[in-house]
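Hello,

Here is the structure I promised to hand over. My notes on what turned up follow right below it.

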Amino acid sequence: MKMKVFVTGVCGQLGHDVMNELAQRGHEAIGSDIAPSYSGVADGTPVTRLPYLPLDITNGEAVARALEEIHPDAVIHCAAWTAVDAAEDEENIPKVQAVNVDGPRHIAQACKALGCKMLQVSTDYVFSGQGTEPWQPDCRDWAPQNVYGQTKLDGELAVAETLERFFIVRIAWVFGLNGKNFIRTMLRLGQTHDTLRVVNDQIGTPTYTLDLARLLVDMIETEKYGYYHATNEGGYISWAEFAEEIFRQAGMTTQVIPVTTAEYGVSKAARPFNSRLDKSKLTENGFKPLPDWRDALIRYLAALESID
């Protein structure tokens, strides 16, 4: 059944790919973001030609009006404040809370009034990032270690407290064509450095937005609500191991020097050591897992090359 789906944050990595996935499946997709017009990568995909609505999700009345007018069957909420270090600055905290907490609440309230589905994208940062056991999607032992993580958790809670029917999907180590990410940074630095120090005690799995978008659309086509974790398959790795594979696949000779987080130097915001997310609930509920992250990296580098 074809659906009308409203997508927030389409000027970002994930929202861009979600819009294209919806269009490819024949769904009616309406995108939104804070920018007055769509601003994204010119990668030959149809997202720039799809309907776009400028919307400030921190304005509850504007959100209610927009969704009432569009009357979607589902909302995929990708918009978020994701600048983790900048979120720690005292002058930014009210803005971060407005985007990551008030925004999801406003959307959830509008979805409740319309009786439509909502999918909220969240993060492994809602957990403490300690230990070595993979985090379970239904775990309630939240302990965010920074402002970003706390606001994303509060956003989750706002959705869960407002709606009975919702998806909350936590992701980690995201990369896509439409924005900055670790891979782009490594490729850029690798052009001017023979060696790079990269941390080896933060462990997780990368998530390619192109693959994730397919899963998110799979989800909203069902009634299998709840909390999920979604990253690419291929096991848990360190950032240093990820960097080594990036340079290997890109044919670059840059050498990676593995260092601990302490040796690398403390960042403004605390980073999780344990970003392992247990994804078994996906297959248990009949969803197709994302491909191996190495395969995703091959496809991503090829896509980068085609648009550069």
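Trp173 sits in the loop between β6 (167-171) and β7 (174-175). Its phi is near 50°, a positive value in a residue other than glycine. Is Trp173 buried or exposed? With a relative accessibility of 10%, Trp173 counts as buried, because the cut-off for buried is under 20%. Please keep in mind that this is a predicted model.

Trp173 also leads into the interior. Phe242 touches Trp173. Leaving out residues up to four places away in sequence, Phe242 also touches Phe175, Phe182, Ile183, Pro206, Ile237, Trp293 and Leu297.

**The cores**

Phe242 belongs to the largest nonpolar core, which has 33 residues. Which residues have the most contacts inside this core? They are Ile183, Val198 and Phe242. Four elements each supply at least two residues of this core: α5 (182-190), β8 (195-199), α7 (239-250) and α10 (293-307). The element that gives the most is α10, with seven residues. There is also a second, separate core, made of 32 residues. Leu14, Leu212, Ala230 and Leu282 are included in that second core.

**The chain as a whole**

Now the overall picture. The protein chain has 10 helices and 15 strands. Its C-alpha trace spans about 55 × 40 × 40 Å along the principal axes. How does the radius of gyration fit, and why? A compact globule of 308 residues would have a radius of gyration near 19 Å, and the protein chain has 19 Å, so the two agree.

Of the 308 residues, 55% count as buried. Contacts over long sequence distances are well represented. Take the contacts with a separation of 6 or more: residues 24 or more positions apart account for 80% of them.

On the outside, the protein chain exposes about 13400 Å². Carbon and sulfur atoms supply 50% of that area. As for charge, there are 28 positive and 41 negative side chains. The centres of the two sets lie 3 Å apart.

**Two buried leucines**

Leu22 is in helix α1 (residues 13-24). Its relative accessibility is 0%, so Leu22 counts as buried. What does Leu22 touch beyond residues up to four places away in sequence? The list is Val5, Val7, His27, Ala29, Val217 and Ile220. Glu241 is another matter: Leu22 and Glu241 are 219 residues apart along the chain, and their C-alpha atoms are separated by 33 Å.

Leu67 is in helix α2 (residues 60-70). At 1% relative accessibility, Leu67 counts as buried too. Not counting residues up to four places away in sequence, Leu67 touches Phe6, Pro72, Val75, Ile107, Ala110, Cys111 and Leu114. Leu67 and Ala113 are 46 residues apart in sequence, and 9.6 Å separates their C-alpha atoms.

**The loop after α2**

Where does His71 lie? His71 lies in the loop between α2 and β4 (74-77). It has a positive phi of about 50°, although it is not a glycine. Trp173 likewise has a positive phi, near 50°. Their exposure is worth setting side by side. Trp173 is buried, at 10%. His71 is partly exposed, with a relative accessible area of 46%.

Leaving aside neighbours within four places in sequence, His71 is in contact with Lys4 and Leu114. Leu114 also appears among the residues that Leu67 touches. His71 and Cys116 are 45 residues apart in sequence and 8.3 Å apart in space, C-alpha to C-alpha.

**The loop after β4**

Ala80 is in the loop between β4 and α3 (93-114). At 29% relative accessibility, Ala80 counts as partly exposed. Which residues is Ala80 in contact with, once its neighbours within four places are left aside? They are Val99, Asn100 and Lys152. Ala80 and Val96 are 16 residues apart along the chain, and their C-alpha atoms are separated by 8.3 Å.

If you want a place to start, open Trp173 and follow its contact with Phe242. Phe242 then takes you into the core of 33 residues.

Best wishes

Note on methods. Residues numbered from 1 in each chain as written. Predicted model: local features only at pLDDT ≥ 70, side-chain atom pairs only at ≥ 80, totals over all residues. Heavy atoms only, no water. Rg over C-alpha atoms; globule rule 2.2 N^0.38 Å. Buried < 20%, exposed > 50% of the residue type's maximum accessible area, 1.4 Å probe, protein only. Contact = heavy atoms within 4.5 Å. Areas by Shrake-Rupley, 256 points an atom, 1.4 Å probe, with all protein chains shown as cover. Lys, Arg positive; Asp, Glu negative; His and termini not counted. Charge placed at Lys NZ, Arg CZ, Asp CG, Glu CD. Core = buried A, V, L, I, M, F, W, Y, C linked by side-chain atoms within 4.5 Å.
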